[in-house]
Amino acid sequence: MGTKTVDETGVKTDEHKTDEAAEVPETTEAEKSEGAEATPDDAAAADDVDSATTGTEGPTGVGQGAGAVVSAGLGIVSLTGSWVGTVASARESLIGQLQTSSSSNVGALIEKGYGNAWHATALWGGAFALVALIVGVVVLARPAFGAPGRPQAPWIKSVAWAGVALGVIGLLLAVLKYTDILLGLPSTG
């Protein structure tokens with residue numbers, strides 16, 4: 001066995017250690033507290049280590065990220081159309097054709113056969129846009145009611161703002177389509 005000596009820092013060392021192990025300085029708790037102040041990155045890393053060792057984790061933002069993506073997705077659906085809107089439109093068109101099959105009034109045929117279908121598409125687009133807008137606003141407002149000191153990830157904010165913007169545009173287009181300001185029905189007279 002090797003002999004033990006005390007170095008200048010007060011740490012017992014073995015004289016027969018390899019050069020690599022002897023070159024790594026050991027720091028005591030007093031030296032750690034005298035060193036440079038911890039940076040925010042060091043504090044975050046320490047929190048990660050603490051939560052990993054204790055088994056308790058804080059909010060990860062997964063729900064907020066999912067909500068932001070859902071908001072943006074619903075905003076896109078409100079602009080491009082959905083299966084539900086297509087089915088509702090086809091249903092209204094069929095109902096209109098059945099109601100006007102014996103009538104020769106072209107205006108009634110256009111209104112019931114195509115106008116109601118156009119309005120059904122606008123209603124469903126507006127519904128998707130409204131849900132996208134609400135989900136996006138909830139995701140953006142969530143940090144105000146969450147854990148203090150936990151900022152929201154920038155990508156979550158960006159995607160949620162995209163969902164809000166798409167929702168507003170979708171609502172605007174739905175209102176314009178429903179009121180026949182945008183691509184209104186042709187006049188028959």
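Is Asn116 buried, partly exposed or exposed? In this predicted model, Asn116 is partly exposed, with a relative accessible area of 26%. That value lies between the 20% limit for buried residues and the 50% limit for exposed ones. Asn116 belongs to helix α6. Beyond its neighbours within four places in sequence, Asn116 is in contact with Glu92 and Glu111. Ser89 is 27 residues from Asn116 in sequence, yet the two C-alpha atoms are 7.5 Å apart in space.

The overall architecture was examined next. The secondary structure consists of seven helices and two strands. Along the sequence, the elements follow the pattern β-β-α-α-α-α-α-α-α. Of the 189 residues in the protein, 21% are buried. Among contacts with a separation of 6 or more, 72% join residues 24 or more positions apart. The protein exposes about 13,000 Å². Carbon and sulfur atoms supply 63% of that area.

Glu92, a contact of Asn116, also takes part in a salt bridge. The structure holds one such bridge. It joins the side chains of Arg91 and Glu92, with an N to O distance of 3.8 Å. Side chains of opposite charge can pair when their charged atoms come close. Arg91 has a relative accessible area of 53% and is therefore exposed. Glu92, at 24%, is partly exposed.

Helix α6 spans residues 106-141 and also contains His119. His119 has a relative accessible area of 14%, so it counts as buried. A polar atom of the His119 side chain lies 3.1 Å from the backbone oxygen of Tyr178. Leaving aside neighbours within four places in sequence, His119 is in contact with Glu111, Lys177, Tyr178 and Asp180. Glu111 is thus listed as a contact of both His119 and Asn116. Two of the other contacts of His119, Lys177 and Tyr178, fall in helix α7, which covers residues 154-178.

Helix α7 has 25 residues. At 1.5 Å a residue, α7 should span 36 Å. Its end C-alpha atoms are 36 Å apart, so the model agrees with the expected span. The buried residues of α7 are Ile156, Ala160, Gly163, Val164, Leu166, Gly167, Gly170, Ala174 and Lys177. An α-helix has 3.6 residues a turn, so residues three or four places apart point the same way. The buried residues of α7 pack against α4 (62-80) and α6. Lys177 is one of these buried residues, and it is in contact with His119. Just after α7, Asp180 takes a positive phi of about 65 degrees. Asp180 is also among the contacts of His119.

A nonpolar surface patch was also found. Leu79, Ile169, Leu173, Leu182 and Leu183 form this patch, with about 410 Å² of accessible area together. Leu183 lies in the segment after α7. Its relative accessibility is 63%, so Leu183 counts as exposed.

Helix α4 also contains Ile76. Ile76 has a relative accessibility of 46% and therefore counts as partly exposed. Ile76 and Ala129 are 53 residues apart in sequence. Their C-alpha atoms are 8.4 Å apart in space.

Terms used: Residues numbered from 1 in each chain as written. Predicted model: local features only at pLDDT ≥ 70, side-chain atom pairs only at ≥ 80, totals over all residues. Heavy atoms only, no water. Helix = DSSP H or I, 4+ residues; strand = E, 2+ residues; numbered from the N terminus. Buried < 20%, exposed > 50% of the residue type's maximum accessible area, 1.4 Å probe, protein only. Polar contact = N/O pair within 3.5 Å; in protein donor to acceptor, adjacent residues only side chain to side chain. Contact = heavy atoms within 4.5 Å. Expected span 1.5 Å × (residues − 1). Patch = residues over 30% accessible without salt bridge, like charges linked within 9 Å, V, L, I, M, F, W, Y side chains within 5 Å. Areas by Shrake-Rupley, 256 points an atom, 1.4 Å probe, with all protein chains shown as cover. Salt bridge = Lys/Arg side-chain N within 4 Å of Asp/Glu carboxyl O.
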